[in-house]
Amino acid sequence: MNIDWAALGQVFGTTLVVTVAMVGLFTLGIVGTSRKARQEGEAGTAATVGGGSSAVARTGGYACFALCLAAVGYGIFLIVAG
């Protein structure tokens, strides 16, 4: 039995990078969709940090979820097609 250590290292590295990217995207999706619209009269709340509106943050959050779904779908495609 002969183990191809270079291939094993490539699989490990790719898995590590994709896992961190997926967790990061999913986290950004959660943060983006959990933003609430700023109530009138509130100043200096967490919703105003960064100057973005909640609609833009929510749309970005949904885009992050869509990218996660696309990555999972691509992974399933690779498994089924192989």
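Two residues are in contact when heavy atoms of theirs lie within 4.5 Å. This notion is used throughout the tour, which concerns a predicted model.

**The whole chain**

Begin by displaying the entire chain as a cartoon. It contains two helices and zero strands. Of its 82 residues, 7% count as buried. The accessible surface comes to about 6500 Å², and 71% of this area belongs to carbon and sulfur atoms. Among the contacts with a separation of 6 or more, 67% are between residues 24 or more positions apart.

**Helix α2**

Next, select residues 54–81, which form helix α2. How many Å should the 28 residues of this helix span at 1.5 Å a residue? The expected span is 40 Å, and the C-alpha atoms at the ends of the helix are 40 Å apart, so the two values agree.

Within α2, now select Ala 57, Gly 61, Cys 64 and Cys 68, which are buried. As a rule, an α-helix has 3.6 residues a turn, so residues three or four places apart point the same way. Add residues 5–33, helix α1, to the display: the buried residues of α2 pack against this helix.

**The two cysteines**

Keep Cys 64 and Cys 68 selected and show their side chains. Are these residues buried or exposed? Cys 64 has a relative accessible area of 11% and Cys 68 one of 8%; because buried means under 20%, both residues qualify.

Why is there no bond between the sulfur of Cys 64 and that of Cys 68? The two sulfurs are 7.0 Å apart, which is too far for a bond, since a disulfide requires sulfur atoms within 2.5 Å. For Cys 68, too, the closest cysteine sulfur is that of Cys 64. A search of the whole structure finds zero disulfides.

**Leu 28, across from α2**

Move to Leu 28, in helix α1. This residue is exposed, with a relative accessible area of 52%. Which residues does Leu 28 touch, leaving aside its neighbours within four places in sequence? Leu 28 is in contact with Gly 61 and Cys 64, two of the buried residues of α2. Select Tyr 62 as well: Leu 28 and Tyr 62 are 34 residues apart in sequence, while their C-alpha atoms are 9.4 Å apart in space.

**The surface patch**

Finally, select Met 1, Ile 3, Trp 5 and Leu 8 and show the surface. These residues form a nonpolar patch with about 570 Å² of accessible area together. Met 1 lies in the segment before α1 and is exposed, with a relative accessible area of 99%.

Terms used: Residues are numbered from 1 along each chain as its sequence is written. This is a predicted model: local features need pLDDT of at least 70, side-chain atom pairs count only at pLDDT 80 or more; totals for chains, interfaces and linings use all residues. Side-chain values use heavy atoms; hydrogens and water are left out. Buried means under 20% relative accessible area, exposed over 50%, partly exposed in between (1.4 Å probe, protein chains only). Helices (H or I, at least four residues) and strands (E, at least two) are DSSP runs, numbered from the N terminus. The expected span of a helix is 1.5 Å times one less than its number of residues. Patches are made of residues with over 30% relative accessible area and no salt bridge: like charges are joined within 9 Å, nonpolar side chains (Val, Leu, Ile, Met, Phe, Trp, Tyr) within 5 Å. Accessible areas come from the Shrake-Rupley method with a 1.4 Å probe; for residues, only the protein chains shown count as cover. A salt bridge is a side-chain nitrogen of Lys or Arg within 4 Å of a carboxyl oxygen of Asp or Glu.
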